[in-house]
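Welcome, and thanks for taking a look at this one with me. Let us walk through the fold as a whole, then its interior space, and end with a pair of backbone details.

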Amino acid sequence: MKHINRKEKIKSLFANEPSFRLKQIETALFSTDIKNWNDISTLPESMRQILTKEVPFISLKVEKIHDNKNKDTYKAIIEVDSGDKVETVLMLNPRGYWTVCVSSQIGCAMKCGFCATGKMGLIRNLESDEIVDQYRIWQEFLSENKDLPQFISNVVYMGMGEPMANYVNVRDSVNSILEHTEIGKTHITVSTVGILPRLEQLLEDDKWPHIRLAISLHSADKQTRKEIVPTSYDDFLPKLSDWCKRYLQKFGNNRHHLTFEYVMLKDVNDTPHHAKLLAKFSTAIGNVRVNLIPYNFTDCGFSCSTPETIKAFNEELENHDVTVMIRKTQGEDIAAACGQLIKKNESKK
Ligand code: SAH
């Protein structure tokens with residue numbers, strides 16, 4: 001069953017209504033006081049009735065919410081209207097606020113060797129409202145759990161799927177979150193394997209919101225990258241470097257950098273040689289930061305670099321004046337960490 005985009009549907013239902021009515025409806029979707037269309041008391045009764053009949057108030061159904069032992073990570077298994085399942089994660093960040101991690105696709109076509117979602121293949125893109133509703137689910141969850149901190153400060157597109165392979169829906173969902181929440185551009189990060197045609201597109205796209213971008217680099221050696229990220233190709237790295245420079249020229253400033261994500265895979269991409277290549281690649285570009293991600297278990301035949309190796313890798317980068325941090329892993333015990341999201345919960349450790 002094809003999912004009907006909520007915004008389009010509402011637009012078509014109320015084609016003759018003034019545009020402020022559509023705004024009113026959208027704004028209401030982000031209010032935790034409003035639980036269904038009927039609660040929008042500022043809307044005429046007739047419109048509320050039509051909405052109730054024609055448009056689901058939320059596009060997703062929560063099947064289950066798992067919490068981890070530290071109570072700093074929650075993972076929701078949600079069902080979309082086609083019956084497929086997708087996952088979204090809520091993580092407490094170091095500032096004591098929440099980061100919502102959203103999925104952009106059901107499954108993923110990129111097949112990165114270390115990622116559980118990659119094993120599923122792509123089922124379908126999520127519509128922008130299905131992405132936005134992952135945020136709304138957590139907003140609702142927090143409003144029902146008043147003992148928890150209440151403030152969501154960040155949204156990251158690091159769940160299932162490749163956001164740049166679902167460009168328009170991702171762009172629209174980011175714009176909607178920016179418009180209807182207090183979350184600002186520097187608190188939203190889209191993570192991408194680096195689909196260059198889409199990265200080129202966003203450079204010229206007036207509707208692209210200049211939020212933060214993280215690029216899953218994982219190796220600055222072309223052969224190693226091709227092995228672990230099969231969508232890579234021989235001249236990917238020089239092309240990416242060129243794009244990064246142009247991006248930073250256009251949009252970079254002291255609050256706007258690019259991030260390279262680098263999953264630490266034992267004996268694959270974690271040697272001093274790899275660190276030197278990464279340092280050279282990064283410093284040639286300029287305002288980039290490197291996030292080292294300890295590999296999370298996914299039963300894909302890889303293992304995580306040892307803490308000593310990660311530390312040494314980190315130091316090597318620092319010695320070359322690269323801004324680098326080691327990402328803290330959260331939610332491993334509920335298979336909610338990076339790369340562990342899959343359609344069913346069957347690979348839970
Ligand atoms: N498709 C997007 C979002 C992926 S998830 C992308 O490629 O960027 C966010 C990050 O987690 C990516 O950098 C991804 O490569 C990384 N990741 C995937 N599997 C992982 C695993 N098993 N352990 C640690 N990080 C992983």
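Of the 349 residues in the chain, 55% count as buried. Please keep in mind as you read on that this is a predicted model.

**The chain as a whole**

Eleven helices and twelve strands make up the secondary structure of the chain. Its radius of gyration is 21 Å, close to the 20 Å given by the globule rule for 349 residues, so the chain is as compact as a globular protein of that length. If you are planning a box of your own, the C-alpha atoms fill one of roughly 65 × 45 × 35 Å along the principal axes.

Contacts in the chain tell a related story. Among those with a separation of 6 or more, 67% are between residues 24 or more positions apart. As for the outside, the accessible surface of the chain is about 15,800 Å², and carbon and sulfur atoms account for 51% of that surface.

**The space inside**

How many cavities of 30 Å³ or more does the structure hold? There are two, and the largest cavity contains about 470 Å³ of space. A total of 29 residues line this largest cavity, and the closest to its centre are Phe-114, Cys-115, Met-158, Ser-216 and Gly-339. Two or more lining residues come from each of these elements: the helix α4 (116-120) and the strands β8 (188-192), β10 (258-264) and β11 (288-294). Sorted by class, the lining of the largest cavity has 15 nonpolar residues, eleven polar ones and three charged ones.

**Two aspartates with positive phi**

Now for the backbone. Asp-299 has a positive phi although it is not a glycine, and Asp-321 is likewise a residue other than glycine with a positive value. Here they are together:

| Residue | Phi | Loop | Relative accessibility |
|---|---|---|---|
| Asp-299 | about 65 degrees | between β11 and α11 (307-319) | 64% |
| Asp-321 | near 65 degrees | between α11 and β12 (323-326) | 69% |

Are these two aspartates buried or exposed? Asp-299 counts as exposed because its relative accessibility of 64% is over the 50% cut-off. Asp-321 is exposed too, because its relative accessible area of 69% is over 50%.

The helix α11 links the two places: Asp-299 is in the loop between β11 and α11, while Asp-321 is in the loop between α11 and β12. The strand β11 also ties back to the interior, as one of the elements that give two or more residues to the lining of the largest cavity.

Technical notes. Residues numbered from 1 in each chain as written. Predicted model: local features only at pLDDT ≥ 70, side-chain atom pairs only at ≥ 80, totals over all residues. Heavy atoms only, no water. 1 Å grid on protein atoms, 1.4 Å probe; cavity = no way out; pocket = protein on both sides within 12 Å on 5 of 7 lines; lining within 4 Å. Points joined across faces, edges and corners; volume = space filled by probe spheres on them. Helix = DSSP H or I, 4+ residues; strand = E, 2+ residues; numbered from the N terminus. Nonpolar A, V, L, I, M, F, W, Y, C, P; charged D, E, K, R; others polar. Rg over C-alpha atoms; globule rule 2.2 N^0.38 Å. Buried < 20%, exposed > 50% of the residue type's maximum accessible area, 1.4 Å probe, protein only. Contact = heavy atoms within 4.5 Å. Areas by Shrake-Rupley, 256 points an atom, 1.4 Å probe, with all protein chains shown as cover.
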